[in-house]
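The following exercises concern side-chain contacts and surface exposure in a protein model. Please work through each task before reading its solution.

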Amino acid sequence: MPLFGIIWVVLAILLIAFLASNIVIVPQAKAYIIERLGAYQGTWGTGLHMKIPLFERVARRVTMKEQVVDFPPQPVITKDNVTMQIDTIVYFQITDPKLFTYGIENPMSAIENLTATTLRNIIGDLELDQTLTSRDIINTKMRAILDEATDPWGIKVNRVELKNIIPPAAIQESMEKQMKAERERREAILVAEGKKQSAILVAEGEKESVVLRAEATRLAKIKEAEGEAEAMLTVQKALADSLKMLNDASPNSEVIKIKALEAFAKAADGKATKIIIPSEIQSLAGLATSFKEVLTEPKNPQ
């Protein structure tokens, strides 16, 4: 191949390589800021782009993903003059690559300083106890303030979190003692409550026992009374049956009087000192006595 032909081939290869170097592929979740002769030309999104050689350049590559930055602890002073260390985490996302590129020189440093000053202002209005128990309130206030301040920079602050709140050593020791005393107080309360419940249960058990014994006594008396009533009913029924049988036998007046005399004898039963006998029965009683004496008199020998 002649020398002239080799030169043309080399020039063609260099030209192709030069053109290929000006082909730009923008990946997903990225944005490229393009400047032409030092001035802002446009923002390239995801895809294939071609820049003009020697006239255009990629000024900045911006990620559109949500980012997290962890700032070191910052000294802050509470309303009751307690100095503590607080470090924060900021979650943010770039919404406008042009403002992010040209709005501020160093966005991360600006966010860090803004976070520190905002934190000092908020904590300065709170006392120590409020600071330790108001994380959500502090996070919400800081997010609102930072989001509004970073809006001209093309940045949206999604979340702000207080990572650590580190009070002085003396305060930590005092808090630990307070927590220990509180735990001991709760333990004493639980023990006392347990004893109280135990005493209540014992008293309720004794009460139920007394009630059950009284109920058993009452039922026993009821059963005893029912037994006595049933026995009396049986006696009365037997007496009624005997009277019925006697009535069915049609006894004469003398038999009835004798039965009455037997009833008076049973009524006396050796306990009565005096018995009043009707006149109708007295004559019959004398007759019965004479008859008994005749039957029991010994016979004389003939």
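Three exercises with worked solutions follow.

This is a predicted model, in which local features need pLDDT of at least 70 and side-chain atom pairs count only at pLDDT 80 or more, while totals for chains, interfaces and linings use all residues. Residues are numbered from 1 along each chain as its sequence is written, and side-chain values use heavy atoms, with hydrogens and water left out.

**Exercise 1.** Identify the salt bridges that link strand β5 to strand β2, and classify the burial of the residues in them.

*Solution.* Step 1: a salt bridge requires a side-chain nitrogen of Lys or Arg within 4 Å of a carboxyl oxygen of Asp or Glu. The structure holds 8 salt bridges.

Step 2: one of them joins Arg57 and Glu35, whose closest N and O atoms are 2.9 Å apart. Arg57 belongs to strand β5 (residues 56-63) and Glu35 to strand β2 (residues 30-36), 22 residues apart; strands are DSSP runs of E with at least two residues, helices are runs of H or I with at least four, and both are numbered from the N terminus.

Step 3: Glu56 and Arg36 also meet in a salt bridge, at 2.3 Å from N to O. Because Glu56 lies in strand β5 and Arg36 in strand β2, this pair ties together parts 20 residues apart in sequence.

Step 4: buried means under 20% relative accessible area, exposed over 50%, and partly exposed in between (1.4 Å probe, protein chains only). Glu35, at 8%, is therefore buried, and so is Glu56, at 9%. Arg57 is partly exposed at 46%, as is Arg36 at 33%.

**Exercise 2.** Determine which parts of the chain the aromatic pair of Tyr40 and Tyr102 ties together, and describe its geometry.

*Solution.* Step 1: rings of Phe, Tyr and Trp (its six-membered ring) pair if their centres lie within 6.5 Å; planes under 30 degrees apart count as stacked, over 60 as edge-to-face and the rest as tilted. With 5.8 Å centre to centre and 80 degrees between the planes, Tyr40 and Tyr102 are edge-to-face.

Step 2: Tyr40 lies in strand β3 (residues 39-44) and Tyr102 in helix α2 (residues 97-102), so the pair ties together parts that are 62 residues apart in sequence.

Step 3: Tyr40 has a relative accessible area of 31% and is partly exposed; Tyr102, at 39%, is also partly exposed.

**Exercise 3.** Locate Arg218 and Glu215, and characterise their contact.

*Solution.* Step 1: both residues lie in helix α6 (residues 169-248), 3 residues apart, about one turn of the helix.

Step 2: Arg218 forms a salt bridge with Glu215, with 2.4 Å between the closest N and O atoms.
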